[in-house]
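User: I'd like to learn how to read a model like this one, feature by feature. Can you walk me through it?

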Amino acid sequence: MIDLHMHSTSSDGEWRPTAVVNEAVRRKLTAIALTDHDTIGGIAEARSAAKDTSLRVIPGVELSTDYGGTSLHVLGYFVDDECPEFRARLELAQQARDARNPLIIERLNALGIAITLEQVAKLADGVIGRPHIAQALVSAGAAKDIRSAFDKFLGEQGKAYFPKKRIPPRAAFKWIHDAGGVAVVAHPRTLRYKMPKLKYGDCIGRWALEGLDGVECHYSGHDPATVKELVQIAKRMNLAITGGSDFHGPNVRKGVQIGVGYGSMNIPDSLLDGLVEAWRKRHGHSASESPACLQ
Ligand code: AMP
Ligand code: MN
Ligand code: MN
Ligand code: MN
């Protein structure tokens with residue numbers, strides 16, 4: 001069993017990369033990918049935590065992009081986490097969040113909620129994001145839990161929402177390819193919340209022309225019909241089929257666990273072979289070559 005989508009304290013997860021790896025080992029997974037938002041800061045720790053185990057750690061990342069005004073997440077796998085150009089690009093993406101965070105705090109202050117950016121920053125280890133602001137809102141008694149902090153204040157319909165600047169999907173694909181990786185569209189189901197009439201085949205077909213390599217078909221929040229539809233589309237378009245839990249910790253995204261998601265997910269090892277095949281195809285590697293993390 002594998003799990004190709006999870007977060008650590010390097011972005012908005014609750015556990016350090018070491019704790020995430022330990023849990024994956026305890027659950028007897030064979031491979032995981034750490035996919036923190038716009039950062040690869042946790043990869044080195046995860047890699048060293050897994051060193052004397054049979055768990056393979058795939059360097060990953062989750063980039064925020066803009067698709068028709070809606071946030072679309074793109075996962076990158078097998079990225080070279082030491083590539084200076086990639087690091088500089090991720091810095092840019094983080095700056096977009098850093099530019100937005102003070103605006104949210106100001107709006108919250110205007111609503112009579114006395115929290116400061118310094119307080120929020122103390123809750124974060126690396127990237128400061130809305131989940132950390134949500135945590136501060138809960139501590140200040142302004143919301144009963146993370147979810148209601150998003151519903152009332154931080155979500156797209158919330159009173160203190162500010163969008164951050166986002167790159168187009170094709171730029172994310174290029175950043176990932178330039179760093180030696182493959183690009184996979186994350187949890188396509190979330191697009192339908194904003195675009196109920198969206199046909200997955202239309203957008204995925206367009207992204208495939210722009211450099212997309214795979215589709216996250218298996219996902220904690222995907223119902224069986226969605227999984228089936230996405231798998232069919234991925235197969236038809238010759239894209240890799242991937243999957244992951246999007247684990248953030250026991251409190252952020254309550255109920256989602258590493259490997260099994262809400263309980264029933266089971267992503268077979270064979271999907272990793274498909275992703276490696278996509279990597280070979282994208283970068284012109286031969287059948288005998290494999291990404292460094294799998295050697
Ligand atoms: P940011 O990238 O700073 O805008 O924060 C976005 C992150 O907030 C997402 O990656 C999710 O982890 C989290 N998030 C977004 N919407 C919600 C929600 N409604 N409830 C809980 N967490 C959310
Ligand atoms: Mn998140
Ligand atoms: Mn996401
Ligand atoms: Mn995620």
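User: Into which domains is the protein chain divided?

Analyst: One thing before we start: this is a predicted model. The chain splits into domain 1 (2–83 + 168–294) and domain 2 (92–154). Note that domain 1 is written as two segments. The C-alpha centres of the two domains lie 26 Å apart.

User: How many residues of each domain are in contact with the other?

Analyst: A contact here is a pair of heavy atoms within 4.5 Å. On that basis, ten residues of domain 1 touch eight residues of domain 2.

User: Now the metals. Which residues coordinate the manganese ion (ligand 3)?

Analyst: For a metal site, look at the donor atoms, then at where they sit along the chain. The manganese ion (ligand 3) has Glu 62 (OE), His 73 (ND1) and His 187 (NE2) around it, at 2.1 to 2.2 Å. Along the chain, these donors follow the spacing E-x10-H-x113-H. Two of them join distant parts of the chain: His 73 is in strand E4 (residues 70–77), while His 187 is in the loop between strand E5 (182–185) and helix H8 (189–194), 114 residues apart.

User: Are His 73 and His 187 buried or exposed?

Analyst: The cut-off for buried is under 20% relative accessible area. His 73 has 16%, so it counts as buried. His 187 is buried as well, at 7% relative accessibility.

User: And which residues coordinate the manganese ion (ligand 4)?

Analyst: His 5 (NE2), His 7 (NE2), Glu 62 (OE) and Asp 246 (OD), at 2.1 to 2.3 Å. The spacing in sequence reads H-x1-H-x54-E-x183-D. His 5 lies in the loop between strand E1 (2–3) and helix H1 (17–26) and Glu 62 in strand E3 (residues 56–67), so this pair ties together parts 57 residues apart in sequence. Both His 5 and Glu 62 are buried.

User: How far are these ions from the manganese ion (ligand 2)?

Analyst: Ligand 3 is 5.9 Å from the manganese ion (ligand 2), and ligand 4 is 4.8 Å from that ion.

User: On to pockets. What is the volume of the largest pocket, and which residues are closest to its centre?

Analyst: With a pocket, take the volume, then the lining, then the parts of the fold that supply it. The largest pocket has a volume of about 1,600 Å³. It is lined by 47 residues, and the closest to its centre are His 73, Arg 130, Phe 150, Thr 190 and Arg 253. You've met His 73 already, as a donor to the manganese ion (ligand 3). By class, the lining has twelve nonpolar, 19 polar and 16 charged residues.

User: Why does the largest pocket lie between the domains?

Analyst: Because domain 1 and domain 2 both give residues to its lining. Among the elements that each supply at least two lining residues are E3, E4, helix H3 (84–110) and helix H5 (130–139).

User: What about the second largest pocket: how much space lies in it, and what lines it?

Analyst: About 200 Å³. There are 14 lining residues, with Phe 78, Val 79, Asp 80, Gly 180 and Ala 292 nearest the centre. The class split is eight nonpolar, three polar and three charged.

User: Last one: which residues is Arg 89 in contact with?

Analyst: Arg 89 lies in helix H3 and is buried, with a relative accessible area of 17%. Setting aside neighbours within four places in sequence, Arg 89 contacts Lys 174, Trp 175 and Asp 178.

Conventions: Residues numbered from 1 in each chain as written. Chains lettered and ligands numbered in written order. Predicted model: local features only at pLDDT ≥ 70, side-chain atom pairs only at ≥ 80, totals over all residues. Heavy atoms only, no water. Donors = N, O, S within 2.8 Å, 3.2 Å for Na, K, Ca; no water. Helix = DSSP H or I, 4+ residues; strand = E, 2+ residues; numbered from the N terminus. Buried < 20%, exposed > 50% of the residue type's maximum accessible area, 1.4 Å probe, protein only. 1 Å grid on protein atoms, 1.4 Å probe; cavity = no way out; pocket = protein on both sides within 12 Å on 5 of 7 lines; lining within 4 Å. Points joined across faces, edges and corners; volume = space filled by probe spheres on them. Nonpolar A, V, L, I, M, F, W, Y, C, P; charged D, E, K, R; others polar. Domains from an automatic or database assignment.
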